[in-house]
Amino acid sequence: RHINRLVEPTAGRILIDGEDVLAMNAGQLRELRRTKVSMVFQRFGLLPHKTVLDNVASGLVIRGISRAEARRRAAEQIELVGLAGFEDRYIRQLSGGMQQRVGLARALATEPDILLMDEPFGALDPLIRTDMRAMLLGLQAELNKTIVFITHDLDEALAVGSRVSILREGRIEQTGDPEDIVLRPANDHVAEFVEDINRGRVLRVAAIMEPGSEAAGGLQIEADTVLEDAAHRLAAGGAERATVVDGAGQLLGTVRLERILQVMARPAAADN
């Protein structure tokens, strides 16, 4: 809410493409919100008197796009989030997870460069949250948006974030990729914060592999495989180590089962 100035910051700067959002006048700020930045709210923020299709199209209509074109583009986003067939339903007819998909489709419909997600899955039950995370990661792989995702759930932050910032009392304690946060906590507060994290489901093989060109036999594991899955594959194959490859199959290094099990078991503070 600070980034799009729904809440006015009291200090600092917010730079988007080198332009300070705090220096924008009312017209510039409206244009930013309408064309470059969209928001997905925790409580959905949908219009109950409108159908799914009209909710998703609403941002486009506000931009002055014809109703027919707005509805056509909205239908594309509804299909993208897996709600094809529900276009004519009203919001009260949808589950919480479906409502949040509508909110996401509405935000994507305006084709923003930046997507702001304000605890978007906080109102959902755990199973639906897991499904929504998977959907978001799939969409991100396809659309490659800049997403700012706010959450109180560290597991969720580490699962969806490529860069994670941990805040405490309004100050950033540490910023880094998930591996940095878990393996190299910046201070005791962060170390305590990540102590109970299931490392096997957060850390990926790339974080602990031994770089190099030496082949490790027939078993290959992709670098973005989480440690838990890599351990299962090695154990099932009766292998002590495997070759690590990228998405194109290029050799990156090797990983040992012993090392995977060691990292999964070790308390976070011990890595310092």
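## Two buried phenylalanines

A residue counts as buried when its relative accessible area is under 20%. In this predicted model, phenylalanine 121 is buried, and phenylalanine 149 is buried as well.

## The aromatic pair

The count of aromatic pairs in the model comes to one. Its members are phenylalanine 121 and phenylalanine 149, whose ring centres lie 5.6 Å apart and whose planes stand at 65°, so the pair is edge-to-face, given that planes over 60 degrees apart are classed in that way.

Where in the chain do phenylalanine 121 and phenylalanine 149 lie? Phenylalanine 121 belongs to the loop between strand S4 (114–118) and H5, while phenylalanine 149 is part of strand S5 (residues 146–150), and the pair therefore ties together parts that are 28 residues apart in sequence.

## The cavity and its lining

Turning to empty space inside the model, the count comes to one cavity of 30 Å³ or more, and the largest cavity holds about 50 Å³ of space. Its lining is made up of Leu104, Leu108, Leu115, Leu136, Leu139, Gln140, Leu143, Lys145 and Ile147. Two elements, helix H4 (96–109) and helix H5 (126–143), each give two or more residues to this lining, and H5 gives the most, with four residues.

By residue class, the lining of the largest cavity divides into seven nonpolar residues, one polar residue and one charged residue. Gln140, which is among the lining residues, counts as polar, whereas Lys145, also in the lining, counts as charged.

Definitions and conventions: Residues are numbered from 1 along each chain as its sequence is written. This is a predicted model: local features need pLDDT of at least 70, side-chain atom pairs count only at pLDDT 80 or more; totals for chains, interfaces and linings use all residues. Side-chain values use heavy atoms; hydrogens and water are left out. On a 1 Å grid over the protein atoms alone, a cavity is a set of points where a 1.4 Å probe fits but cannot get out, and a pocket is an open set with protein on both sides within 12 Å along at least five of seven lines; lining residues have an atom within 4 Å of a point. Grid points are joined across faces, edges and corners, and a volume is the space filled by probe spheres set on the points. Rings of Phe, Tyr and Trp (its six-membered ring) pair if their centres lie within 6.5 Å; planes under 30 degrees apart count as stacked, over 60 as edge-to-face and the rest as tilted. Buried means under 20% relative accessible area, exposed over 50%, partly exposed in between (1.4 Å probe, protein chains only).
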